[in-house]
Amino acid sequence: LSCVTGAKDNAGIVHLLDVCSTNPLVIHHLYRAWQELSEPADLCKALRRSEKRVTWQLLRVYRARNLFVHKGEHDELVWRLLENAQSYISFALGRLLNDLAEHPTWSIDMAMEFNRQQFERVCGALQQGSKCTLTTLDLMPHITQLGHDVPLVSDVAGVGDADSIELHDRP
């Protein structure tokens, strides 16, 4: 993550692109990810767009459910809606269970409110641009390992360094 959130031509992204140089599609996706993630304000916009897309998808699921329940009709692409709904539920449930395990005194409502406020805090910090002090732990608290927590935006040497990338060499 620190590679694709780093400055232009940071050692990490250059190394990552070099390692993937034989696969144009991977290079394209890495470059697009870097474009969207390297500027904190752009990352905030991307998170807000994602929030809108998920909301829109959930509303589509609800409308499809209402069509089926109240009129007996079904959407031809209902299977895709169900796949998305299953994905969202799995992700949200995983986050909630993790939060409840870490904070046994919390209720489900408290855990959901914490995640909502965390999202708003992250977006607010990202809007500060280069003054952003977020780390990978702030953005992905459930999957960042202790000791691997690095600043998302930093001019500090070593952030996004090729030496810090843990990739297996290709045969």
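**Figure 1. The whole chain and its surface.** About 12,000 Å² of accessible surface belongs to this protein, and carbon and sulfur atoms hold 59% of that area. What you're looking at is a predicted model. There are seven helices here and zero strands, so reading along the sequence simply gives you α-α-α-α-α-α-α. Of the 171 residues in the protein, 26% are buried. As for how the chain comes together, take the contacts with a separation of 6 or more: 52% of them come from residues 24 or more positions apart.

**Figure 2. Inside the largest nonpolar core.** This close-up takes in a core of 16 residues. Which of them touch the most other members? That would be Val4, Ile13, Leu16, Leu30, Leu126 and Leu134. Now for the elements behind the core: those giving two or more residues are H1 (2-5), H2 (11-19), H3 (24-37), H4 (40-71) and H6 (108-126). H6 is the top contributor, giving four residues to this core.

**Figure 3. The largest pocket and the helices around it.** Here we move to a pocket with a volume of about 1,200 Å³. Two or more lining residues come from each of these elements: H4, H5 (78-102), H6 and H7 (136-139). Which element gives the most to the lining? It's H5, with eight residues. If you've come straight from the core view, you'll recognise H4 and H6, since they were on that list too.

**Figure 4. A closer look at the pocket lining.** In all, 27 residues line the largest pocket. To find its centre, look for Phe91, Ala92, Arg95, Asn115 and Phe119, the lining residues that lie nearest to that point. What sort of residues make up the lining? You get 16 nonpolar ones, along with six polar and five charged.

**Figure 5. Ser107, in the loop between H5 and H6.** The last view picks out a single residue, Ser107, which sits in the loop joining these two helices. Is Ser107 buried or exposed? Neither, quite: its relative accessible area is 33%, so Ser107 counts as partly exposed, because that label covers values between the 20% limit for buried and the 50% limit for exposed. Leu96 makes a handy second landmark for this view. Ser107 and Leu96 are eleven residues apart in sequence, and their C-alpha atoms are 9.7 Å apart in space.

How values were computed: Residues are numbered from 1 along each chain as its sequence is written. This is a predicted model: local features need pLDDT of at least 70, side-chain atom pairs count only at pLDDT 80 or more; totals for chains, interfaces and linings use all residues. Side-chain values use heavy atoms; hydrogens and water are left out. Buried means under 20% relative accessible area, exposed over 50%, partly exposed in between (1.4 Å probe, protein chains only). Contact means heavy atoms within 4.5 Å. Accessible areas come from the Shrake-Rupley method with a 1.4 Å probe; for residues, only the protein chains shown count as cover. A nonpolar core is a set of buried Ala, Val, Leu, Ile, Met, Phe, Trp, Tyr and Cys residues joined through side-chain atoms within 4.5 Å. On a 1 Å grid over the protein atoms alone, a cavity is a set of points where a 1.4 Å probe fits but cannot get out, and a pocket is an open set with protein on both sides within 12 Å along at least five of seven lines; lining residues have an atom within 4 Å of a point. Grid points are joined across faces, edges and corners, and a volume is the space filled by probe spheres set on the points. Ala, Val, Leu, Ile, Met, Phe, Trp, Tyr, Cys and Pro count as nonpolar, Asp, Glu, Lys and Arg as charged, and the others, Gly among them, as polar.
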